[in-house]
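Subject: Handing over a structure

Dear colleague,

I am passing on the structure below, and after it you will find a written account of what was found. Please keep it open while you read, so that you can look up each residue as it comes.

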Amino acid sequence: MNFNKVGASITIAAFMFFLVSFANAQNPWTAPAADAAVVNAVKSDDASIVAGKAIYTKSCKMCHGEKGDSKAGAPSNFTSKEFKAQSDGAIYFKINKGFGKMPAYKTKIAADNDRWNIVNYLRTL
Ligand code: HEC
C-alpha cells in the first residue's frame with residue numbers, strides 16, 4: 001500500500017468515525033428500525049406490571065421519578081405523547097443500550113423478561 005492509499009484510508013476512516021459520532025450524539029436518540037420492530041416477549045398482565053414496577057422503583061425512580069415525568073432530573077417524560085408513540089421494541093432497545101447519563105441495562109438487569117416487564121410498566125405511566 002503506498003502512502004496515498006494509506007492517507008485516503010485514514011481520511012475515510014476519520015470521516016466515518018465523525019458520521020457515527022454525530023449520529024450517536026442525536027437526542028432524543030432513536031432505535032434502529034430492526035430493534036424498534038422487535039415484538040414484546042412478555043404479555044402485559046398484572047403480574048408483569050407489578051414485577052416491572054418493583055424494578056423501576058429500585059433502579060430507575062431515582063432519576064426518572066415516581067411518575068416518570070421529566071420533573072425528576074432525567075429529561076425523558078414517559079407520560080408524553082412522543083414517548084408513548086414509540087414501539088415496545090424501541091423502548092426496550094433504549095433500556096438495553098443506554099445513552100449519555102442513561103445507563104445500559106442489558107447486563108445490569110440480566111433477564112430479558114425483566115426488561116420487558118419494565119417496558120410494560122412504563123406503558124402504565
Ligand atoms: C442515573 C440516572 C438514570 C437512571 C438510574 C435511569 N435512567 Fe433512564 N434516562 C436517564 C437520562 C438522563 C435519559 C435521557 C438520555 C438522553 O436523551 O440524553 C434517560 C432516558 C431513558 C429512556 C428513553 C426515553 C425516551 O424519551 O425515549 C428510557 C426508556 C429510560 N431512560 C428508561 C430507564 C429505565 C427503565 C431505568 C431503570 C431500569 C432507567 N431509565 C434508569 C437517566 C437515568
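In this predicted model, the largest pocket holds about 900 Å³ of space. Its lining is made of 34 residues, and those closest to the centre of the pocket are Trp29, His64, Ser76, Phe78 and Met102. If you sort the lining residues of this pocket by type, you will find 21 nonpolar, 10 polar and 3 charged ones.

Where does the largest pocket lie with respect to domain 1 and domain 2? Because domain 1 (1-29) and domain 2 (31-122) both contribute residues to its lining, the pocket lies between them. Several helices take part as well, since at least two lining residues come from each of helix H3 (46-59), helix H4 (61-64), helix H5 (81-84), helix H6 (88-97) and helix H7 (112-122). The largest contribution is that of H6, which gives 4 residues to the lining.

Next, please look at the iron atom of the ligand, whose protein donors are His64, through NE2, and Met102, through SD, at 2.0 to 2.1 Å from the iron. These two residues come from distant parts of the chain, 38 residues apart, with His64 in helix H4 and Met102 in the loop between H6 and H7. The iron site has 6 donor atoms, and with angles of 86 to 179 degrees among them the site is octahedral.

The two protein donors can also be described by their accessibility. His64 has a relative accessible area of 9%, which is under 20%, and it therefore counts as buried. Met102, on the other hand, has a relative accessibility of 22%, which lies between the cut-offs of 20% and 50%, so this residue counts as partly exposed.

Two further residues may be useful for finding your way around the model. Tyr105 is placed in the loop between H6 and H7, and with a relative accessible area of 11% Tyr105 is buried. Its C-alpha atom is separated by 9.7 Å from that of Phe93, and the two residues are 12 apart along the chain. Asn40 sits in the loop between helix H2 (33-36) and H3, and at 18% relative accessibility Asn40 counts as buried. Between Asn40 and Asn113 there are 9.2 Å in space, taken from C-alpha to C-alpha, although the two are 73 residues apart in sequence.

With best wishes

Key:
Residues numbered from 1 in each chain as written. Predicted model: local features only at pLDDT ≥ 70, side-chain atom pairs only at ≥ 80, totals over all residues. Heavy atoms only, no water. 1 Å grid on protein atoms, 1.4 Å probe; cavity = no way out; pocket = protein on both sides within 12 Å on 5 of 7 lines; lining within 4 Å. Points joined across faces, edges and corners; volume = space filled by probe spheres on them. Nonpolar A, V, L, I, M, F, W, Y, C, P; charged D, E, K, R; others polar. Domains from an automatic or database assignment. Donors = N, O, S within 2.8 Å, 3.2 Å for Na, K, Ca; no water. Tetrahedral: all angles 85-135°; square planar, octahedral: opposite > 155°, others 65-115°. Buried < 20%, exposed > 50% of the residue type's maximum accessible area, 1.4 Å probe, protein only.
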